[in-house]
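Q: Hey, I'm new to this one and would like a quick tour. Can we start with the aromatic rings and then move on to the metal?

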Amino acid sequence: MTDLQDLYQELILDHGRRPRNFGRLEDANKTAEGYNPLCGDKIRVYVRVAGDLVEDIKFEGAGCAISTASASIMTDALKGKSRAESEQLFKAFHDLVTGQQPGPDTPDLGKLEVFSGVSEFPTRVKCATLSWHTLRSALSGEGEAVSTE
Ligand code: ZN
């Protein structure tokens with residue numbers, strides 16, 4: 001294993017153990033639930049969208065280290081981004097974990113790069129992308145509406 005892989009592994013384990021932005025977002029106006037039956041990962045994503053901006057984002061759920069770390073790093077990466085930027089990151093992240101060549105307009109993935117090794121483990125791809133698919137469902141409004149009560 002190279003040092004870089006060690007570092008990636010460490011970051012994933014760290015976020016898996018101590019996820020950032022974990023918990024319910026009380027003033028969310030979008031939410032959706034996701035489930036990965038292959039592994040048993042469950043997640044609920046809460047987003048507060050203002051205009052075109054993802055103002056705040058949190059998640060809760062239970063899953064393996066990969067799914068938890070992915071959700072944790074995703075929420076960090078998307079806070080303050082526009083919907084269009086979020087969509088671009090989703091595509092870039094999806095290409096990364098499925099081992100596809102990045103396109104010419106691929107945005108900088110930053111910490112999300114740590115998931116590049118997932119492409120070698122096809123069964124883990126769903127763990128890594130679960131939070132993203134759930135977020136997308138929340139943003140598209142297909143997720144259930146949040147009760148304000
Ligand atoms: Zn999993």
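A: Sure. A word on the rule before any counting: rings of Phe, Tyr and Trp (its six-membered ring) pair if their centres lie within 6.5 Å; planes under 30 degrees apart count as stacked, and over 60 as edge-to-face. Keep in mind that this is a predicted model.

Q: Okay, how many aromatic pairs does that rule give?
A: The count comes to four aromatic pairs. One of them joins Phe22 and Phe59, whose ring centres are 5.2 Å apart. Their planes stand at 90 degrees, over the 60 needed, so the pair is edge-to-face.

Q: Where in the chain do Phe22 and Phe59 sit?
A: In distant parts, 37 residues apart. Phe22 is in the loop between helix H1 (3–17) and strand S1 (30–36), while Phe59 is in strand S3 (residues 53–62).

Q: And is Phe59 buried or exposed?
A: Phe59 is buried, at 3% relative accessible area. Its partner Phe22 is partly exposed, with 40%.

Q: What about Phe93 and Trp132, how are those rings arranged?
A: Phe93 and Trp132 are stacked, with 5.0 Å from centre to centre and 20 degrees between the planes. Phe93 belongs to helix H3 (residues 83–97) and Trp132 to helix H4 (residues 122–139), so this pair ties together parts 39 residues apart in sequence. Phe93 is buried, with a relative accessible area of 1%, and Trp132 is buried too, also with 1%.

Q: Which residues make up the cluster of linked rings?
A: Phe90, Phe93, Phe115 and Trp132, linked by ring pairs.

Q: Switching to the metal: which residues are the protein donors of the zinc ion?
A: Cys39, Cys64 and Cys127 each give an SG atom, and Asp41 is listed with OD twice. These donors lie 2.2 to 2.7 Å from the zinc ion. Along the sequence, the donor residues follow the spacing C-x1-D-x22-C-x62-C.

Q: Is Asp41 buried or exposed?
A: Asp41 is buried, with a relative accessible area of 1%. Cys39, on the other hand, is partly exposed at 33%.

Q: Last topic, then. What does the side chain of Arg44 contact?
A: The side chain of Arg44 makes a polar contact with that of Thr31, at 2.9 Å. Another polar contact, of 3.5 Å, joins the side chains of Arg44 and Glu33. Arg44 is found in strand S2 (residues 41–50).

Q: Does Arg44 count as buried or exposed?
A: Buried: Arg44 has 14% relative accessibility, and the cut-off for buried is under 20%.

How values were computed: Residues are numbered from 1 along each chain as its sequence is written. This is a predicted model: local features need pLDDT of at least 70, side-chain atom pairs count only at pLDDT 80 or more; totals for chains, interfaces and linings use all residues. Side-chain values use heavy atoms; hydrogens and water are left out. Helices (H or I, at least four residues) and strands (E, at least two) are DSSP runs, numbered from the N terminus. Buried means under 20% relative accessible area, exposed over 50%, partly exposed in between (1.4 Å probe, protein chains only). Donors are N, O and S atoms within 2.8 Å of the metal (3.2 Å for Na, K and Ca); water is not among the atoms, so sites may look incomplete. A polar contact is a pair of N or O atoms within 3.5 Å; within protein, one must be able to donate a hydrogen and the other to accept it, and residues adjacent in sequence count only if both atoms are side-chain atoms.
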